[in-house]
Amino acid sequence: MTITGRPTWLEIDLKAIVHNYRLATRCGAGVWPVVKADGYGLGAVPVALALQRAGAEGFCVSLVSEAEVLRQAGITQPMALFSGFGVGEESQVGRLGVEPFLFRLEDGERLSQAMRGGQSVAVHLKIDTGMGRLGVSPEEAPAALASLQRLPGLRVVGLVSHLACADTPDHPANRWQIERLRSVLALPEARGLRVSLANSAGLLALPESCFDWVRPGIMLYGASPLFPARRAKEEGLRPVVSWHSTVVQVRSAPAGAPLGYGHTAVTQRPSRIAQLPVGYGDGYCRCLGNGVGQVLVAGRRAPVVGRVCMDLLAVDVTELPGVAVGDEVTLLGEDGDDFIGIEEMAHWCHTIPYEVICRLTARNTRLYRE
Ligand SMILES: *Cc1c(COP(=O)(O)O)cnc(C)c1O
């Protein structure tokens, strides 16, 4: 792969995303891929365009600004808006044709007042069935539905809720949330509404949570939502992202040489240290310093030495004598017989794969494979 400019880049496999999307469609419900937070850090526009071509019936974003970017890029499908809209964004919601999840009546009133000349906007009422976050309770739902249905310019099209514990499929909260949602569906006010509850974990592990349409995110990007209990491979998901850099310097250091900020690493033996032009400014977590993280060089692992800097990190290549300036290094992805996935990196960082990819910054060149 030739790359101009700084030799650090992400490769995003759109075919793998489409494969993972097709796996999601097996649930039988409508699939609206979640492309919030710039497609979990991998680029909402190319991801959504690929999924639009693959037949996705809708998309989900969190912010009005995220919907705007997708509309400008030619995404024409309906779009659900998870996190509400700010004061002043009401007419934009109408213009973009996004469908907000309403979690309080005041937002519905604000939106209704902004609709002009027969314009109307589809909205979903968000029920808090047990997440303990946004929404109205099942007990408040009948009155909330009745009030929203009276507001001019709003079309109440759906009921939505979100699972708190779907990554633990036998957690009793899952059953309980499904039952609480069903109790709302049984209301006369709920007749004809489309219903959505499942995220990736619900879709894969709780078939009864799928209802009319589902909102998968992380599984499309190549990680199991049931991590760490299960891995992408076991779900049949394909890895999507790989991350590469290039050795820009290799130096020998005698035993006892201090390395990098704070001198937190001191060589224990005569060593060879390679510098890579990538750091926490690119999203390589600083917690991976001092041997916590590893990279692949020519199919073999080399540990990170010393602290991760904003623009650079160092790896110990003493055991890999052929390593030279210009060699490609894999931070994420496959090299030879070895593979470092977003799940392994999440494990090193004591976090979840979501955060590993969301924090990849725009400084990384992104290359898309169709
Ligand atoms: C982010 C999000 C999703 C997608 O969750 P995944 O675990 O990535 O599948 C679905 N629904 C809501 C409300 C969300 O905020």
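Where along the chain is F211 found? F211 sits in the loop that runs between helix α9 (200-205) and strand β9. The model examined here is a predicted one, and this loop residue offers a good way into it. The backbone of F211 has a positive phi, near 45°, although the residue is not a glycine. F211 is also partly exposed, because its relative accessibility is 23% and the buried class ends under 20%.

With that starting point in place, the overall fold can be introduced. The protein contains 12 helices and 20 strands. Along the principal axes, its C-alpha atoms fill a box of roughly 75 × 45 × 35 Å. Of the 370 residues in the protein, 53% are buried.

A welcome landmark for a newcomer is the ligand, whose space is the largest pocket. Around the ligand there are 13 residues, and those that come nearest are K36, Y40, S200, I218 and Y354. Sorted by class, this shell holds 6 nonpolar, 4 polar and 3 charged residues. Several polar approaches to the ligand can be picked out. In the side chain of Y40, an N or O atom lies 2.6 Å from an oxygen atom of the ligand. For Y354, a polar side-chain atom is likewise found 2.6 Å from a ligand oxygen. G217 takes part through its backbone, where a polar atom is 2.9 Å from an oxygen atom of the ligand. Taken on its own, the ligand has 390 Å² of accessible area, and the protein covers 92% of it.

Helix α2, which spans residues 36-40, is home to D38. Like F211, which has a positive phi without being a glycine, D38 shows a positive phi, in this case about 50°. With a relative accessibility of 35%, D38 counts as partly exposed, because this value falls between the 20% and 50% cut-offs.

Two strand residues make a helpful pair to look at next. S196 belongs to strand β8, residues 194-196. Its relative accessibility is 0%, so S196 counts as buried. The side chain of S196 is joined to that of R215 by a polar contact of 2.9 Å. H244, for its part, lies in strand β10, which covers residues 241-246. H244 is buried as well, because its relative accessibility of 5% is under the 20% limit. Two side-chain partners can be named for H244. One is S242, reached through a polar contact of 2.9 Å, and another is T330, with a polar contact of 3.3 Å.

The loops hold a few further points of interest. A cis peptide bond links F227 to P228, with omega about 5°. P228 itself is located in the loop between β9 (213-214) and α10 (232-235). In another part of the sequence, G86 occupies the loop between β4 (79-81) and α5 (90-96). This glycine is partly exposed, because its relative accessible area is 27%, above the 20% cut-off for buried residues and below the 50% one for exposed residues. Although G86 and V64 are 22 residues apart along the chain, their C-alpha atoms are separated by 8.5 Å.

Notes. Residues numbered from 1 in each chain as written. Predicted model: local features only at pLDDT ≥ 70, side-chain atom pairs only at ≥ 80, totals over all residues. Heavy atoms only, no water. Helix = DSSP H or I, 4+ residues; strand = E, 2+ residues; numbered from the N terminus. Buried < 20%, exposed > 50% of the residue type's maximum accessible area, 1.4 Å probe, protein only. Near = heavy atom within 4 Å. Polar contact = N/O pair within 3.5 Å; in protein donor to acceptor, adjacent residues only side chain to side chain. Areas by Shrake-Rupley, 256 points an atom, 1.4 Å probe, with all protein chains shown as cover. 1 Å grid on protein atoms, 1.4 Å probe; cavity = no way out; pocket = protein on both sides within 12 Å on 5 of 7 lines; lining within 4 Å. Sits in = over half its atoms within 2 Å of the grid points. Nonpolar A, V, L, I, M, F, W, Y, C, P; charged D, E, K, R; others polar.
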